[in-house]
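Reader: Got a minute to go through this one with me? I'd like to start with the charged pairs and then move inward.
Author: Sure, put it up.

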Amino acid sequence: MTDEHLPKAVYEQLAEFRYRLRKFIHFSENAARDVGLTPQQHQLMLAIQGYPGRDYATIAEAAEKLQITHHACVGLVSRCVRAGLIVRRANPEDARSVHITLTEKGMDCLRRLSTVHLMQLESLDFNFPHL
């Protein structure tokens with residue numbers, strides 16, 4: 001199927017998906033602010049805790065997940081460290097990098113935000129699996 005033969009229903013589905021996605025992002029940004037975080041701090045904490053197979057990430061991995069530059073991620077990590085949300089730890093396998101992980105305070109914030117995010121996803125009919 002070429003783009004000139006797309007039925008109107010496809011555009012409607014794409015528009016509806018984009019609307020729901022934008023609505024969720026708007027909710028997410030406001031929810032982060034409501035608990036005293038920036039949306040970027042929340043996204044970083046979720047990227048760290050949600051990293052597959054472990055509860056830490058390197059700055060390079062977090063930058064990739066957030067789709068930001070390494071330099072921008074370093075600044076974000078530093079702000080989160082100062083806020084007591086994450087800590088840096090030496091990477092035992094590579095002295096050129098560090099592992100970043102959530103503090104208890106960061107984990108508490110992320111738990112609260114994740115709970116309200118799951119409820120919001122349910123209300124938007126995203127069919128997100130229940131955990």
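Reader: How far apart are aspartate 108 and arginine 111 in helix α5, in helical turns?
Author: About one turn, because they sit three residues apart in α5. Keep in mind that this is a predicted model.

Reader: What links aspartate 108 and arginine 111?
Author: A salt bridge. The closest N and O atoms are 2.8 Å apart.

Reader: Buried or exposed, those two?
Author: Aspartate 108 is partly exposed, at 35% relative accessible area. Arginine 111 is also partly exposed, at 47%.

Reader: How many salt bridges are there?
Author: Six. One of them joins lysine 8 to glutamate 12, with the closest N and O atoms at 3.1 Å.

Reader: Where do lysine 8 and glutamate 12 lie?
Author: Both are in helix α1, four residues apart. That is about one turn of the helix.

Reader: Why does that spacing suit a pair in a helix?
Author: An α-helix has 3.6 residues a turn, so residues three or four places apart point the same way.

Reader: And how accessible are lysine 8 and glutamate 12?
Author: Lysine 8 is exposed, at 59% relative accessible area. Glutamate 12 is partly exposed, at 43%.

Reader: What does aspartate 94 pair with?
Author: Arginine 96. Their closest N and O atoms are 3.0 Å apart. Aspartate 94 counts as partly exposed at 23%, while arginine 96 is exposed at 78%.

Reader: Let's go back to α1. What span should its 27 residues have?
Author: At 1.5 Å a residue, 39 Å. The end C-alpha atoms are 39 Å apart, so the model agrees.

Reader: Which residues of α1 are buried?
Author: Phe24, Ser28, Ala31 and Ala32.

Reader: What do they pack against?
Author: Two helices: α2, residues 39–49, and α5, residues 104–123.

Reader: And the outer side? Which residues make a nonpolar patch on the surface?
Author: Phe17, Leu21 and Ile25. Together they have about 240 Å² of accessible area. Leucine 21 lies in α1, which covers residues 8–34. Its relative accessible area is 33%, so leucine 21 counts as partly exposed.

Reader: What about the glycine that follows α1?
Author: That is glycine 36. Its phi is positive, near 85°.

Reader: Switching to histidine 117. Buried or exposed?
Author: Buried, at 8% relative accessible area. Histidine 117 is in helix α5.

Reader: What does its side chain reach?
Author: The backbone oxygen of leucine 113, at 2.6 Å.

Reader: Which residues does histidine 117 touch, beyond four places in sequence?
Author: Phe24, Phe27, Ser28, Ala31 and His42. Phe24, Ser28 and Ala31 are among the buried residues of α1.

Reader: Now the strands. Where is asparagine 91?
Author: In the loop between β2, residues 86–90, and β3, residues 98–102. At 11% relative accessibility, asparagine 91 counts as buried, because the cut-off is under 20%.

Reader: Which side chain does asparagine 91 join in a polar contact?
Author: Histidine 99, at 3.3 Å. Leaving aside neighbours within four places, asparagine 91 contacts Thr58, Ser97, Val98 and His99.

Reader: Last one, threonine 101. Where is it placed?
Author: In strand β3. Threonine 101 is buried, at 10% relative accessible area.

Reader: What does the side chain of threonine 101 reach?
Author: The backbone oxygen of aspartate 55, at 3.1 Å.

Reader: And what does threonine 101 touch, not counting residues up to four places away?
Author: Ile48, Asp55, Tyr56, Leu85, Ile86, Val87 and Arg89.

Reader: How many residues separate threonine 101 and arginine 89 along the chain?
Author: They are 12 residues apart. Their C-alpha atoms are separated by 7.9 Å.

Reader: Great, that covers my list.

How values were computed. Residues are numbered from 1 along each chain as its sequence is written. This is a predicted model: local features need pLDDT of at least 70, side-chain atom pairs count only at pLDDT 80 or more; totals for chains, interfaces and linings use all residues. Side-chain values use heavy atoms; hydrogens and water are left out. Patches are made of residues with over 30% relative accessible area and no salt bridge: like charges are joined within 9 Å, nonpolar side chains (Val, Leu, Ile, Met, Phe, Trp, Tyr) within 5 Å. Accessible areas come from the Shrake-Rupley method with a 1.4 Å probe; for residues, only the protein chains shown count as cover. A salt bridge is a side-chain nitrogen of Lys or Arg within 4 Å of a carboxyl oxygen of Asp or Glu. Buried means under 20% relative accessible area, exposed over 50%, partly exposed in between (1.4 Å probe, protein chains only). The expected span of a helix is 1.5 Å times one less than its number of residues. Contact means heavy atoms within 4.5 Å. A polar contact is a pair of N or O atoms within 3.5 Å; within protein, one must be able to donate a hydrogen and the other to accept it, and residues adjacent in sequence count only if both atoms are side-chain atoms.
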